[in-house]
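Me: I would like to learn how to read a structure such as this one, feature by feature. Where should we begin?

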Amino acid sequence: MNICKMKQTDIRTVNPNTLVERNDIAFSNNAPREQRIAEYVTKLKNPYCYKIDGTVVKVTFADCSETIDDRLEAYARSMYNR
C-alpha cells in the first residue's frame with residue numbers, strides 16, 4: 001500500500017483484524033535512530049492507522065505552521081486564564 005492510500009484509511013470501514021497492534025512492536029534500542037524509525041514504520045505497516053490496546057487509531061496532521069508545542073502552550077494559557 002502506498003503512503004497516499006495509508007493516509008486515506010477510514011477507521012469506520014477498516015477491518016481491525018488487518019491492523020497491527022502498536023504495543024506488540026519491538027525493536028532494538030541499540031540501533032541508530034534512523035534505523036529504529038524505519039524498522040518501526042515497517043513493522044507497523046501503516047503509520048496512519050493501527051491499534052493500541054485493541055482500539056483502532058487514526059493519526060492525522062493539520063496543514064498549518066503551528067507546532068504541537070504551540071497548540072499545547074495556547075491550551076495551557078487558555079486553561080490558566082479561566
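**Reading the features**

Reply: Begin with the strands, bearing in mind that this is a predicted model. Strand β1 (residues 49-52) pairs with strand β2 (residues 55-58) in the antiparallel sense, over 4 bridges.

Me: Which residue in β2 is the bridge partner of Tyr50?

Reply: Tyr50 has Val57 as its bridge partner in β2.

Me: How many residues lie between β1 and β2?

Reply: There are 2 residues between them, and the two strands form a hairpin. In the turn, Asp53 has a positive phi of about 50°.

Me: What should I know about side chains in a strand?

Reply: In a regular strand, side chains alternate between the two faces of the sheet.

Me: How do the elements run from the N terminus on?

Reply: The order is α-α-β-β-α. That makes 3 helices and 2 strands in the protein.

Me: Which residues form the largest nonpolar core?

Reply: That core has 5 residues, namely Val20, Ile25, Leu44, Tyr50 and Val59. Leaving aside residues up to four places away in sequence, Val59 touches Pro47, Tyr48 and Tyr50.

Me: How do I read the cysteines?

Reply: A disulfide is a covalent bond between the sulfur atoms of two cysteines. In a model, a pair counts as a disulfide if the sulfur atoms are within 2.5 Å. By this rule the count here is 0 disulfides. Cys4 is in none, as its nearest cysteine sulfur, that of Cys49, is 16 Å away. Cys64 is in none either, and its nearest cysteine sulfur, that of Cys4, is 20 Å away.

Me: Why does Cys4 count as partly exposed?

Reply: Partly exposed covers the range between the buried cut-off, under 20% relative accessible area, and the exposed cut-off, over 50%. Cys4 counts as partly exposed because its relative accessibility is 48%. Cys64, at 37% relative accessibility, therefore also counts as partly exposed.

Me: What percentage of the residues of the protein count as buried?

Reply: Of its 82 residues, 18% count as buried. The protein exposes about 6800 Å², and carbon and sulfur atoms supply 51% of that area.

Me: What does the radius of gyration add?

Reply: It offers a comparison with a compact globule of 82 residues, for which the value would be near 12 Å; the protein has 16 Å. Along the principal axes, the C-alpha atoms fill a box of roughly 45 × 40 × 25 Å.

Me: And how do I read contacts along the sequence?

Reply: Look at their separation. Among contacts in the protein with a separation of 6 or more, 55% are between residues 24 or more positions apart.

Key:
Residues are numbered from 1 along each chain as its sequence is written. This is a predicted model: local features need pLDDT of at least 70, side-chain atom pairs count only at pLDDT 80 or more; totals for chains, interfaces and linings use all residues. Side-chain values use heavy atoms; hydrogens and water are left out. Buried means under 20% relative accessible area, exposed over 50%, partly exposed in between (1.4 Å probe, protein chains only). Two strands pair if DSSP finds at least two bridges between them. A nonpolar core is a set of buried Ala, Val, Leu, Ile, Met, Phe, Trp, Tyr and Cys residues joined through side-chain atoms within 4.5 Å. Contact means heavy atoms within 4.5 Å. The radius of gyration is taken over C-alpha atoms; the globule rule is 2.2 Å times the number of residues to the power 0.38. Accessible areas come from the Shrake-Rupley method with a 1.4 Å probe; for residues, only the protein chains shown count as cover.
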